[in-house]
Amino acid sequence: MKHQGLGPVLAIANQKGGVGKTTTSVNLAASLAALEKKVLLLDLDPQGNASSGLGIDKQEANISLYDVLVGDCSLVEAMRHTNFEGLSIVPASMDLAGAEVELVGMAQREYRLSHAFSAYQGNERFDYVIIDCPPALNLLTVNALTAADRVMITLQTEFYALEGLTQLLETIRRIRQALNPNLDMDGILLTMVDRRNKLAVQVEQEVRDYFGAQVYETIIPRNVRLSEAPSFGIPALQHDIRSKGAQAYLALAREMLLRHSAPQAMEV
Ligand SMILES: Nc1ncnc2c1ncn2[C@@H]1O[C@H](COP(=O)(O)OP(=O)(O)OP(=O)(O)O)[C@@H](O)[C@H]1O
Ligand SMILES: [Mg+2]
């Protein structure tokens, strides 16, 4: 953990769109909070789905992660509590789409988020910081990976699941080499799994054979409660705690806490 009071920082990434990054960010964050961890969620995607999924209208968010990245305000000024006990958020705004371009001309452009973390002097101590990355390997994602301690990759179990994965792993390797030597692979999470589908079972097996212990044992099933919850602006845990989706994210949070408390067990 490299940032005082903030950590570990977990980036949830995949440049592929619609593979469960935001659903995982929101519901893993809420599950960790339900297990009495203090969690800060950062919405780094101009689409702002994690923000709206937690009831924050991105038009309304007058201070956002954009302001932090361009240096107009501190992390403390941009964060706010959510209605979910133990869970705070720095929301996104549409400006983030422009930040990509603006950051290019700025000093230390890959380190903007990392520096905002280093400057953190808030009273609150967060046990976990979770970053929901946009579906691109752009400067925003590079900022997330440069600031993070660990990266989790979500994979939707379908025929094209592994498409683009080589490029993502290569990007992680390059960032480790040039920008953030401490970046660890947290693991691979299989999302939207439908085990009645033969192809999905086959894809899961291939991923497990290839990546071994890096793949979380917990899988996230396809579950309608997970897709409904954001329209109410709440995590699935609050929408329907008994649903398979909510329970899967709770199981994921438990598995993660266990893995992080016994890092050796994870070596591959
Ligand atoms: N386990 C699941 N069961 C059912 N629907 C799901 C599940 N996970 C995600 N979804 C739905 O699939 C869609 C894509 O999920 P999500 O937004 O989490 O992916 P993403 O990787 O963040 O997408 P983007 O790349 O656009 O940011 C959303 O409509 C979401 O509600
Ligand atoms: Mg998303």
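Seven strands form one open sheet, in the order β3-β4-β2-β5-β1-β6-β7, and their pairing is mixed. Strands β3 (80-81) and β7 (184-191) stand at the edges. Each of these two has a single partner strand, so one side of each is left without a neighbour in the sheet. The model described here is predicted.

**Overall build**

The protein holds twelve helices and seven strands. Its C-alpha atoms fill a box of roughly 50 × 40 × 35 Å along the principal axes. A compact globule of 268 residues would have a radius of gyration near 18 Å; the protein has 17 Å, which agrees. Buried residues make up 48% of the 268 residues. Take the contacts between residues at least 6 apart in sequence: 77% of them join residues at least 24 apart.

**Strand β2 in the sheet**

How much of β2 (residues 39-43) is buried? Five of its five residues are, and the strand is mostly covered. V39, L41 and D43 point one way, while L40 and L42 point the other way. Both sets are buried.

On one pairing, β2 meets β4 (residues 87-90) in the parallel sense over four bridges. On another, five bridges join β2 to β5 (residues 128-132), and these two strands also run parallel. Strands of a sheet pair through backbone hydrogen bonds, either parallel or antiparallel. Some of the facing residues are set out below.

| Residue in β2 | Opposite residue | Strand of the opposite residue |
|---|---|---|
| L41 | I89 | β4 |
| L41 | I130 | β5 |
| D43 | D132 | β5 |

L41 thus appears in both pairings, with I89 in β4 and with I130 in β5.

**The nonpolar core and helix α7**

The largest nonpolar core has 81 residues. Which residues have the most contacts inside it? They are I131 and A144. Leaving out residues up to four places away in sequence, I131 touches V9, A11, I12, L42, L44, A144 and A148. L42 is one of the buried residues of β2. A144 is one of the buried residues of helix α7. In soluble globular proteins, nonpolar side chains tend to be buried together.

Helix α7 covers residues 139-147. Nine of its nine residues are buried, so the helix is largely enclosed by the rest of the structure. The buried residues are L139, L140, T141, V142, N143, A144, L145, T146 and A147.

**Around ligand 1**

The shell around ligand 1 has 19 residues; the closest are K21, T22, T23, P135 and S227. Two elements give two or more residues to this shell: α1 (21-34) and α10 (224-228). Helix α1 supplies the largest share, three residues. By type, the shell divides into five nonpolar, eleven polar and three charged residues.

**One residue in helix α9**

E204 lies in helix α9 (residues 198-211). Is E204 buried, exposed or partly exposed? It has 18 C-beta neighbours inside 10 Å, so it counts as partly exposed; a buried residue would need 20 or more. Beyond its neighbours within four places in sequence, E204 is in contact with T157, L190 and V193. D72 is 132 residues from E204 along the chain, and 44 Å separate their C-alpha atoms.

Definitions and conventions: Residues numbered from 1 in each chain as written. Chains lettered and ligands numbered in written order. Predicted model: local features only at pLDDT ≥ 70, side-chain atom pairs only at ≥ 80, totals over all residues. Buried ≥ 20, exposed ≤ 12 C-beta atoms within 10 Å, placed from the backbone. Contact = placed C-beta atoms within 7 Å. Near = placed C-beta within 6 Å. Nonpolar A, V, L, I, M, F, W, Y, C, P; charged D, E, K, R; others polar. Rg over C-alpha atoms; globule rule 2.2 N^0.38 Å. Core = buried A, V, L, I, M, F, W, Y, C linked by C-beta atoms within 7 Å. Pairing = 2+ DSSP bridges.
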